[in-house]
Amino acid sequence: MLTLKAHGRSELGLHREGNEDSALLSPTLCAVADGLGGHAAGEVASRFAISTLAALLQEKKLSAARISKQVREVDKGLATLIEGDNNYGGMGTTLTAIALIGSTLQVAHIGDSRAYLYRDGKLEQITKDHTMIQELIDRGELTPAGAQKHPKRALLTQALMGHKKSQPDVLSIDIASGDRLLLCSDGLSNVVNVAQISSALEQLSIENAVDTLIALTYAAGAPDNVTVLVADVISEKNSEKPTFLGAAVDIS
């Protein structure tokens, strides 16, 4: 039996007044959401996304289709919230989630939060950013190095914003005991490079890995909220209760 042993932190950063990131950690389901649309609205959107996704924890049998459907439910729910309150106009959130189903990892992703797989000393990004920059890179019009200082680096091409048309990327990956997974908001990936991330994930404990990644973010100026989840795939039963972070910390 494979389960996830996860640890995470969600931090304000050095230049933000509130934390618009939300996250969920559990033995079978982990997720990061990065809210958009300003302090209050961003918090609401990311918290709602995590709360809605957490409903899957009550289900005995998960599937890629079920996870994808629940992500679309987030979008529908956001539409209702936006229609009911003018203060929520323009709000939205990214959402990157992983669910362990047997020996398969199901990944649902929309936006520019990321999921990485660290296996046998090698780091692989398993999600693709939904950004204008990524589209330019895919077309060969921009190099990854050039993207780091591009003025439109943060411009998203997809997010959950209540449009009711969102189609998250859904991936299935074979997973094994000993694999390590990283979920993060762009507060990490925009300022800490791949080599630094890989080096941090080499550490024995998930707690030390998370602490190192957060410290690297602050050393780089921490311009944004930053959320980091590291999860080890283990071959034993794990009955730890779900943990919520950031704007979702009070969900129970």
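Trainee: Which residues of H6 are buried?
Mentor: This is a predicted model, in which local features need pLDDT of at least 70 and side-chain atom pairs count only at pLDDT 80 or more, while totals for chains, interfaces and linings use all residues. Residues are numbered from 1 along each chain as its sequence is written, and side-chain values use heavy atoms, with hydrogens and water left out. Helices (H or I, at least four residues) and strands (E, at least two) are DSSP runs numbered from the N terminus, and buried means under 20% relative accessible area, exposed over 50% and partly exposed in between (1.4 Å probe, protein chains only). In H6, the buried residues are Ile 197, Ser 198, Ala 200 and Leu 201.

Trainee: Within what arc do the buried residues of H6 fall?
Mentor: The arc is taken from the directions that lead from the helix axis to the C-beta atoms. The buried residues of H6 line one face of the helix, because, seen down the axis, they fall within an arc of 160 degrees.

Trainee: Which strands of the sheet does H6 touch?
Mentor: Contact means heavy atoms within 4.5 Å. The cover over the buried residues of H6 includes helix H5 (186-189) and H7. H6 itself, residues 194-201, packs on the sheet and touches E7 (114-119), E8, E10 and E11.

Trainee: Which residue's backbone nitrogen does Asn 193 reach at the start of H6?
Mentor: The atom on the Asn 193 side is a side-chain oxygen. It comes to within 3.1 Å of the backbone nitrogen of Ala 195.

Trainee: Which strands stand at the edges of the open sheet?
Mentor: Two strands pair if DSSP finds at least two bridges between them. The sheet has five strands in the order E1-E11-E10-E7-E8, with antiparallel pairing. Each edge strand has a single partner, so one side of it is left without a neighbour in the sheet; these are E1 (3-11) and E8 (122-125).

Trainee: At about what angle does H7 run to E1?
Mentor: Axes are lines fitted to C-alpha atoms, for helices over the stretch in contact, and angles run from 0 to 180 degrees between N-to-C directions. H7, residues 206-219, lies across E1, E10 and E11. Its angle to E1 is about 25 degrees.

Trainee: Which residue in E11 stands opposite Leu 182?
Mentor: E10 (180-184) and E11 (226-234) are antiparallel partners, joined over five bridges. In E11, the residue opposite Leu 182 is Val 230.

Trainee: How many of the eight residues of E3 are buried?
Mentor: E3 pairs in the antiparallel sense with E2 (21-25) over four bridges, and with E5 over four bridges too. Two bridges also join it to E4 (92-93), again antiparallel. E3 is largely enclosed by the rest of the structure, because its buried residues number seven.

Trainee: Which residue of E3 is the bridge partner of Leu 24?
Mentor: E2 leads into E3 through a hairpin of three residues. The bridge partner of Leu 24 in E3 is Ala 31.

Trainee: Which element gives the most residues to the largest nonpolar core?
Mentor: A nonpolar core is a set of buried Ala, Val, Leu, Ile, Met, Phe, Trp, Tyr and Cys residues joined through side-chain atoms within 4.5 Å. This one has 26 residues, and Ile 50, Leu 53, Leu 95, Leu 160 and Phe 244 touch the most other members. Elements giving two or more residues include E3 (29-36), H1 (39-54) and H2 (64-84). The top contributor, with six residues, is H1.

Methods
Polar contact = N/O pair within 3.5 Å; in protein donor to acceptor, adjacent residues only side chain to side chain.
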